[in-house]
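Here are a few notes to read alongside the structure. Keep the picture open and tick off each point as you find it.

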Amino acid sequence: MLGLFRRNKTQSVSGVLSHRLVLMSVSEHLKPLKLVDFEMANQSLEEMYDWVADVEGSQWINGGHYNLSGQPAGKYQLHLSRYLGSEALPIVLTNNCETVLQSLPLLHSARRELGIINIGRQFEIKASLEIEQGSAYHFALSRYNECRLFCLGIDASALDDRTLEYAEDLGCDWMMLAECGFSHRLQVKHQLANFLSHCDDIIFSIDLSCLSPDSRIESGLALDTQMVNRMIRQLLISGKVRQVQLVGYKDKHLYSKQTQSILHELTQMFPYRDRAA
């Protein structure tokens, strides 16, 4: 039955209306992830894609699942470019923050400022010679002069001086995890509005693991889902968002109440409309 469902899914963008959500999932094998862990991540993301896309009454356009280690990355970029060109909004499930680098050549323009908003505990600016986990925005900001980065929810306890200095050198903006609580909602709203005012287009990425603590002892280290949903609403209302990226591959993050709340928020912002014939 699942195989039949997959064969009936479409990756055509004909008839796509503006402001429709496109669901895509991507898996990519990057160091230091072990091969066996990657294979599990690929399976989990494909199953998550099928589950979300097959929800009764879903308003998602099914964009497909892509294993970038088993097929040319150009195939994913080709389909993504078609959706971006149709003014639909791609929602990309991925196991690596670095997947955003596949989108930058499609959205980058010397005449437009591209803002990247990362919601997560880490800066993701590891300075490495090759792309690996944790290096996404090091490469984004080093390669594209018109890109700017705003990180929300940075965990101060895991931050060292060297990383902070490099973030300053790259021109990053950020707010710490403690500054992103509900009591600081007006400040967060103001900072987001200020960042948006300097950008023509926006990509925002959410690390799903930051929405739930690793243990009961670390309950204070989780980002408030209510605050994340407020950020999502503010960003989408701006009309500047070109792509949303949700990063995670463990079932406890993919199928969490927090992730379901975010997916619900996204669909609420885009009421269902039938496609034109």
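1. Let's start with a word we'll need: a residue is called buried when its relative accessible area is under 20%, exposed when that area is over 50%, and partly exposed in between. Try it on Cys199: its relative accessibility is 3%, so Cys199 counts as buried. Keep in mind that this is a predicted model.

2. Staying with the cysteines, how many disulfides does a search of the whole structure find? The search comes back with zero. A disulfide needs two cysteine sulfur atoms within 2.5 Å. For Cys199, the closest cysteine sulfur belongs to Cys147 and lies 9.3 Å away, so that is too far for a bond. Cys180 tells a similar story: the closest cysteine sulfur is in Cys210, at 9.4 Å, again too far for a bond. Cys180 is buried too, with 1% relative accessibility.

3. Now look for the sheet. It is open and has eight strands, paired in parallel, and you can walk across it in the order β2-β1-β3-β8-β7-β4-β5-β6. Which strands stand at the edges? They are β2 (61–67) and β6 (173–176); each has a single partner strand, so one side of each has no neighbour in the sheet. From one strand to the next, the twist averages 15 degrees.

4. Zoom in on one pair. Strand β1 (residues 21–27) runs parallel to strand β3 (residues 89–94), and six bridges join the two. Within this pair, Val22 sits opposite Pro90 of β3. Elsewhere, helix α5 (residues 136–143) packs on the sheet, where α5 touches β4 (114–119), β5 (147–154) and β7 (201–207). The direction of α5 makes about 155 degrees with that of β5.

5. Next, helix α2 (residues 35–53). With 19 residues, α2 reaches 27 Å from its first C-alpha to its last, close to the 27 Å expected at 1.5 Å a residue. Its buried residues include Phe38, Ala41, Asn42, Leu45, Met48, Tyr49 and Val52. Here's a handy rule: an α-helix has 3.6 residues a turn, so residues three or four places apart point the same way.

6. Finally, find Gln260 in helix α10 (residues 257–269). Is Gln260 buried, partly exposed or exposed? Its relative accessible area is 38%, so Gln260 is partly exposed. Leaving out residues up to four places away in sequence, Gln260 touches Trp51 and Tyr255. Gln260 and Val52 are 208 residues apart along the chain, yet their C-alpha atoms are separated by 9.6 Å.

Definitions and conventions. Residues numbered from 1 in each chain as written. Predicted model: local features only at pLDDT ≥ 70, side-chain atom pairs only at ≥ 80, totals over all residues. Heavy atoms only, no water. Pairing = 2+ DSSP bridges. Helix = DSSP H or I, 4+ residues; strand = E, 2+ residues; numbered from the N terminus. Axes fitted to C-alpha atoms, helices over the stretch in contact; angles between N-to-C directions. Contact = heavy atoms within 4.5 Å. Buried < 20%, exposed > 50% of the residue type's maximum accessible area, 1.4 Å probe, protein only. Expected span 1.5 Å × (residues − 1).
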